[in-house]
Amino acid sequence: MTSPSRPTRLVRWSELFRLALTPKWLGSLLLVLVLVTCFVGLSAWQVDRAQHKNDVAASSGVDELKDFNDVMDAQAPMPGILADQRVSLSGHWIPDAQIVVPGRVQDGDTGYWVVTMFAPDGGHLGEGVEAASADEKTIAIPVVRGFTTDEDTAMTSEARDGQVELTARIGPIEGPVEGNDLPEGQVHTVSTSQIVNLFPDLLTYSGFLIPEKATGAAASVGTDGLAQVPTTTTRDEGGFDLQSAVYALEWIIFAAMALYMWFQLLRDDYLRRRLGEDSHDSEKSVEYVVVKPAGDATIDPEVMSGLTGLPAHRHGGAKPGRKRSKNADARNTDTRTTGGN
């Protein structure tokens, strides 16, 4: 027989379902479902981003050719949206302000970038930047003139003097690398913070340029033993974005956790109600009315034992062992008497 305090599994699920249909828990479930819908939507967005990450860059208009001075300010942070932006500009090289960056890979070969500072016509400082020293310094931006696997070629390459017109893409500036283990004139990264230390007479930008095309008598891009660097060097050209995929999985986990937490709270509420009912039932103890026979001072211990389940001697009756001892004494007395006769 099933105890009332321990319902069958089917009964428990039925009671839990009825509790879930109460206004309180239906309202909380609706809120959880709204959150789950948002989480699943964010997960789907991350999945789409992982599969079509290049569409994001294309939709931002980076392939549209813009005037360099309209999008870039010297001595000012570069917005991330400008990474890979195509720009056009004119100006001239500063041949003495040149660095060589080793450890670059192109077409499977490891070699060197030759980076020369370029002074754009009409270059200007960003808003709010002190312009007191601008008249004494030249505004210039690093430009990757080419790649070579030969260190001597990289170190001796020089840009020509004269006017140059460039069509290029903006590359995000690289972080500096500590240490001076390289030969003089070489640095680990294209870092403007290092460049301004090497060439204190220059003011620069938070970015560098990779030319698509250079025209003019002093073009100097991909010449004199240098190979032109593809403008896709700093671009992510496709594939599956693992980081976005991980974010998508995290949003699904959040959705599952929201549902799980709602169910756990519902179950805890159900258990509290069950414990409350069991406690209430236990307080409803059965009361017995025992009537003593007329003239008796106490209730028969055997009767009390039947009511309480305790041994009779706990209610004043004789212990079983003691009773057997009296019977044994009586038998011994009868034996002695018979023997005496």
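Guide: Two aromatic rings of Phe, Tyr or Trp count as a pair if their centres lie within 6.5 Å. The model here is predicted.

Visitor: How many aromatic pairs does the structure hold?

Guide: There are eight aromatic pairs in the structure. One aromatic cluster is formed by Phe39, Trp251 and Phe254.

Visitor: Which charged end sits over the ring of Trp113?

Guide: That of Arg104, which lies 4.5 Å from the centre of the Trp113 ring.

Visitor: How should I read a strand, and is strand 6 mostly covered or mostly open?

Guide: In a regular strand, side chains point alternately to the two faces of the sheet. Strand 6 spans residues 163-172 and is mostly covered, with seven of its 10 residues buried.

Visitor: Which strands pair with strand 6?

Guide: Strand 2 (residues 86-106) pairs with strand 6 in the antiparallel sense, over seven bridges. Within that pairing, His92 has Gln163 of strand 6 as its bridge partner. Strand 8 (residues 207-215) is also antiparallel to strand 6, over eight bridges. There, Leu166 is bridged to Ala214 of strand 8.

Visitor: What should I make of the sign of phi?

Guide: Most residues other than glycine have a negative phi. Ser220 is not a glycine, yet its phi is positive, about 60 degrees. Asp224 also has a positive phi, near 55 degrees.

Visitor: Where is Ser220, and is Ser220 buried or exposed?

Guide: Ser220 is in the loop between strand 8 and helix 7 (242-283). Ser220 counts as buried because its relative accessibility is 1%, and buried means under 20%. Asp224 is also found in the loop between strand 8 and helix 7, but at 49% relative accessibility Asp224 counts as partly exposed.

Methods:
Residues numbered from 1 in each chain as written. Predicted model: local features only at pLDDT ≥ 70, side-chain atom pairs only at ≥ 80, totals over all residues. Heavy atoms only, no water. Phe/Tyr/Trp six-rings, centres within 6.5 Å; stacked < 30°, edge-to-face > 60°. Lys NZ or Arg CZ within 6 Å of the ring centre and 35° of its normal. Buried < 20%, exposed > 50% of the residue type's maximum accessible area, 1.4 Å probe, protein only. Helix = DSSP H or I, 4+ residues; strand = E, 2+ residues; numbered from the N terminus. Pairing = 2+ DSSP bridges.
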